[in-house]
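These are my notebook entries on one protein model. I record what I looked up, in the order in which I looked it up.

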Amino acid sequence: MTEQIELIKLYSTRILALAAQMPHVGSLDNPDASAMKRSPLCGSKVTVDVTMQNGKITEFAQNVKACALGQAAASVAAQNIIGRTAEEVARARDELAAMLKSGGPPPGPPFDGFEVLAPASEYKNRHASILLSLDATAEACASIAAQNSAYSDILLTQN
(Lines give C-alpha, C1' and ligand atoms only; values in the text may rest on other atoms or scores of the structure.)
Protein backbone atom coordinates (compact mmCIF):
# COMPACT_ATOMS: atom_id res chain seq x y z
CA MET A 1 0.00 0.00 0.00
CA THR A 2 2.88 2.41 0.79
CA GLU A 3 4.30 1.89 -2.72
CA GLN A 4 0.94 2.80 -4.25
CA ILE A 5 0.74 5.98 -2.17
CA GLU A 6 4.26 6.95 -3.26
CA LEU A 7 3.36 6.34 -6.90
CA ILE A 8 0.25 8.50 -6.56
CA LYS A 9 2.41 11.29 -5.11
CA LEU A 10 4.78 10.91 -8.05
CA TYR A 11 1.98 11.67 -10.48
CA SER A 12 1.39 15.14 -9.06
CA THR A 13 -1.16 17.58 -10.37
CA ARG A 14 1.61 19.58 -12.03
CA ILE A 15 3.00 16.53 -13.85
CA LEU A 16 -0.46 15.59 -15.08
CA ALA A 17 -1.11 19.18 -16.21
CA LEU A 18 2.18 19.26 -18.14
CA ALA A 19 1.31 15.95 -19.80
CA ALA A 20 -2.11 17.26 -20.81
CA GLN A 21 -0.85 20.60 -22.19
CA MET A 22 2.06 19.52 -24.37
CA PRO A 23 3.02 22.10 -27.03
CA HIS A 24 4.40 21.37 -30.50
CA VAL A 25 2.57 18.06 -30.96
CA GLY A 26 2.55 16.44 -34.39
CA SER A 27 5.09 16.57 -37.18
CA LEU A 28 6.71 19.13 -39.46
CA ASP A 29 6.06 19.13 -43.21
CA ASN A 30 9.71 19.54 -44.14
CA PRO A 31 12.06 18.95 -41.18
CA ASP A 32 15.82 19.17 -41.50
CA ALA A 33 16.00 15.96 -39.44
CA SER A 34 13.82 13.54 -37.53
CA ALA A 35 14.70 11.07 -34.81
CA MET A 36 12.78 8.38 -32.96
CA LYS A 37 13.67 7.04 -29.55
CA ARG A 38 11.99 4.18 -27.74
CA SER A 39 12.28 2.84 -24.22
CA PRO A 40 12.48 -0.94 -24.47
CA LEU A 41 11.52 -1.32 -20.81
CA CYS A 42 8.11 0.36 -20.99
CA GLY A 43 7.50 0.77 -24.71
CA SER A 44 7.30 4.57 -24.60
CA LYS A 45 8.22 6.19 -27.91
CA VAL A 46 8.96 9.74 -29.05
CA THR A 47 9.54 10.94 -32.60
CA VAL A 48 10.76 14.51 -33.11
CA ASP A 49 11.12 16.70 -36.18
CA VAL A 50 13.55 19.61 -36.09
CA THR A 51 14.41 22.52 -38.34
CA MET A 52 17.51 24.57 -37.56
CA GLN A 53 18.84 27.84 -38.86
CA ASN A 54 22.14 29.46 -37.86
CA GLY A 55 22.72 26.69 -35.32
CA LYS A 56 19.41 27.19 -33.48
CA ILE A 57 16.17 25.23 -33.50
CA THR A 58 13.57 27.24 -35.42
CA GLU A 59 10.82 24.64 -35.71
CA PHE A 60 10.06 21.62 -33.57
CA ALA A 61 7.32 19.01 -33.42
CA GLN A 62 7.00 15.74 -31.56
CA ASN A 63 4.79 12.70 -31.51
CA VAL A 64 4.80 11.27 -27.97
CA LYS A 65 3.46 7.88 -26.94
CA ALA A 66 4.56 7.65 -23.31
CA CYS A 67 3.43 7.51 -19.71
CA ALA A 68 2.47 10.72 -17.94
CA LEU A 69 6.08 11.21 -16.77
CA GLY A 70 7.42 10.90 -20.31
CA GLN A 71 4.70 13.22 -21.57
CA ALA A 72 5.45 15.78 -18.85
CA ALA A 73 9.16 15.70 -19.73
CA ALA A 74 8.32 16.11 -23.43
CA SER A 75 6.09 19.05 -22.50
CA VAL A 76 8.86 20.81 -20.55
CA ALA A 77 11.30 20.20 -23.40
CA ALA A 78 8.87 21.52 -26.02
CA GLN A 79 8.10 24.66 -24.01
CA ASN A 80 11.77 25.62 -24.08
CA ILE A 81 13.22 24.08 -27.26
CA ILE A 82 12.73 26.82 -29.88
CA GLY A 83 15.84 28.98 -30.16
CA ARG A 84 18.12 26.42 -28.47
CA THR A 85 21.37 25.08 -29.90
CA ALA A 86 22.35 21.43 -30.19
CA GLU A 87 24.78 21.97 -27.32
CA GLU A 88 22.05 23.36 -25.06
CA VAL A 89 19.79 20.39 -25.81
CA ALA A 90 22.58 17.88 -25.14
CA ARG A 91 23.50 19.66 -21.90
CA ALA A 92 19.87 19.62 -20.72
CA ARG A 93 19.64 15.90 -21.54
CA ASP A 94 22.83 15.14 -19.63
CA GLU A 95 21.75 17.26 -16.65
CA LEU A 96 18.32 15.58 -16.59
CA ALA A 97 19.95 12.15 -16.69
CA ALA A 98 22.27 13.13 -13.82
CA MET A 99 19.32 14.43 -11.80
CA LEU A 100 17.46 11.16 -12.26
CA LYS A 101 20.35 8.72 -11.93
CA SER A 102 22.76 10.30 -9.45
CA GLY A 103 20.87 12.98 -7.55
CA GLY A 104 22.33 15.88 -9.49
CA PRO A 105 20.62 19.25 -9.68
CA PRO A 106 17.85 19.74 -12.23
CA PRO A 107 18.76 21.23 -15.60
CA GLY A 108 19.36 24.96 -15.49
CA PRO A 109 17.66 27.66 -17.54
CA PRO A 110 16.09 27.56 -20.02
CA PHE A 111 15.22 23.97 -19.13
CA ASP A 112 14.63 24.56 -15.42
CA GLY A 113 11.07 23.16 -15.50
CA PHE A 114 12.39 19.61 -15.18
CA GLU A 115 12.67 19.92 -11.38
CA VAL A 116 9.05 18.70 -11.21
CA LEU A 117 10.36 15.27 -12.25
CA ALA A 118 12.96 15.00 -9.47
CA PRO A 119 10.78 12.56 -7.45
CA ALA A 120 10.99 10.13 -10.38
CA SER A 121 14.65 9.50 -9.55
CA GLU A 122 13.46 6.73 -7.24
CA TYR A 123 11.74 4.95 -10.16
CA LYS A 124 14.55 3.72 -12.41
CA ASN A 125 12.10 2.03 -14.77
CA ARG A 126 10.75 5.52 -15.70
CA HIS A 127 14.08 7.21 -16.42
CA ALA A 128 14.30 6.21 -20.09
CA SER A 129 10.78 7.46 -20.79
CA ILE A 130 11.55 10.81 -19.16
CA LEU A 131 14.70 11.22 -21.27
CA LEU A 132 13.16 10.28 -24.64
CA SER A 133 12.22 13.75 -25.94
CA LEU A 134 15.61 15.31 -25.20
CA ASP A 135 17.41 12.18 -26.45
CA ALA A 136 15.54 12.28 -29.76
CA THR A 137 16.00 16.04 -30.14
CA ALA A 138 19.73 15.78 -29.43
CA GLU A 139 20.00 13.02 -32.04
CA ALA A 140 18.10 15.06 -34.65
CA CYS A 141 20.31 18.10 -33.97
CA ALA A 142 23.45 15.97 -34.25
CA SER A 143 22.17 14.63 -37.58
CA ILE A 144 21.72 18.18 -38.89
CA ALA A 145 25.22 19.11 -37.71
CA ALA A 146 26.66 16.04 -39.46
CA GLN A 147 24.80 16.91 -42.68
CA ASN A 148 26.07 20.49 -42.52
CA SER A 149 29.61 19.31 -41.86
CA ALA A 150 29.49 16.90 -44.79
CA TYR A 151 28.14 19.68 -47.03
CA SER A 152 30.92 22.03 -45.87
CA ASP A 153 33.51 19.35 -46.60
CA ILE A 154 32.13 18.95 -50.12
CA LEU A 155 32.31 22.71 -50.71
CA LEU A 156 35.89 22.86 -49.43
CA THR A 157 37.04 20.04 -51.71
CA GLN A 158 35.43 21.73 -54.73
CA ASN A 159 37.32 24.98 -54.16
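**Entry 1: helix α2.** I began with the exposed side of helix α2, where I found Thr13 and Ala20. The model is a predicted one, and I read every entry below with that in mind. I then listed the buried residues of α2, which spans residues 13-20, and noted Ile15, Leu18 and Ala19. Viewed down the helix axis, the buried residues of α2 lie within an arc of 100°, so they line one face of the helix. I set a general rule beside this: an α-helix has 3.6 residues a turn, so residues three or four places apart point the same way.

**Entry 2: overall layout.** I next looked up the secondary structure of the protein chain and recorded five helices and three strands. Along the sequence I read the pattern α-α-β-β-β-α-α-α. The chain has 159 residues, and 41% of them are buried. I looked up its accessible surface as well, which comes to about 8,500 Å², with 52% belonging to carbon and sulfur atoms. For contacts between residues at least 6 apart in sequence, I noted that 62% join residues at least 24 apart.

**Entry 3: the nonpolar core.** Which residues have the most contacts inside the largest nonpolar core? I found Val50, Phe114, Leu117 and Leu134, in a core of 42 residues. The elements giving two or more residues to this core are α2, β1 (33-38), β2 (45-53), β3 (56-65), α3 (68-80), α4 (86-102) and α5. Helix α5 supplies the largest share of the core, nine residues. As a general point, nonpolar side chains in soluble globular proteins tend to be buried together.

I followed leucine 134 further. Setting aside residues up to four places away in sequence, I listed its contacts as Ala77, Ile81, Val89, Ala92, Arg93, Leu96, Phe111 and Phe114.

**Entry 4: helix α5.** I looked up glutamate 139, which sits in helix α5, residues 124-158. Its relative accessible area is 37%, so I entered glutamate 139 as partly exposed. Glutamate 139 touches Ala35 and Lys37, not counting residues up to four places away in sequence. I also checked its distance to methionine 36: the two are 103 residues apart in sequence, yet their C-alpha atoms are 8.6 Å apart in space.

Serine 129 is also found in helix α5. Is serine 129 buried or exposed? I recorded it as buried, because its relative accessibility is 1%. Apart from neighbours within four places in sequence, serine 129 is in contact with Ser39, Cys42, Ser44, Ala66, Cys67 and Gly70.

**Entry 5: cysteines.** How many disulfides does the structure hold? I found zero. I therefore looked up the sulfur of cysteine 67, whose closest cysteine sulfur, in cysteine 42, is 5.7 Å away, too far for a bond. Cysteine 42 and cysteine 67 had both appeared in my list of contacts for serine 129. I checked cysteine 141 too, and entered it as buried, with a relative accessible area of 1%.

**Entry 6: a loop residue.** My last search concerned threonine 85, which is found in the loop between α3 and α4. At 17% relative accessibility, threonine 85 counts as buried, because the cut-off is under 20%. With residues up to four places away in sequence left out, I noted that threonine 85 touches Gly55 and Lys56.

Terms used. Residues are numbered from 1 along each chain as its sequence is written. This is a predicted model: local features need pLDDT of at least 70, side-chain atom pairs count only at pLDDT 80 or more; totals for chains, interfaces and linings use all residues. Side-chain values use heavy atoms; hydrogens and water are left out. Helices (H or I, at least four residues) and strands (E, at least two) are DSSP runs, numbered from the N terminus. Buried means under 20% relative accessible area, exposed over 50%, partly exposed in between (1.4 Å probe, protein chains only). Contact means heavy atoms within 4.5 Å. The arc is that of the directions from the helix axis to the C-beta atoms. Accessible areas come from the Shrake-Rupley method with a 1.4 Å probe; for residues, only the protein chains shown count as cover. A disulfide is a pair of cysteine sulfur atoms within 2.5 Å. A nonpolar core is a set of buried Ala, Val, Leu, Ile, Met, Phe, Trp, Tyr and Cys residues joined through side-chain atoms within 4.5 Å.
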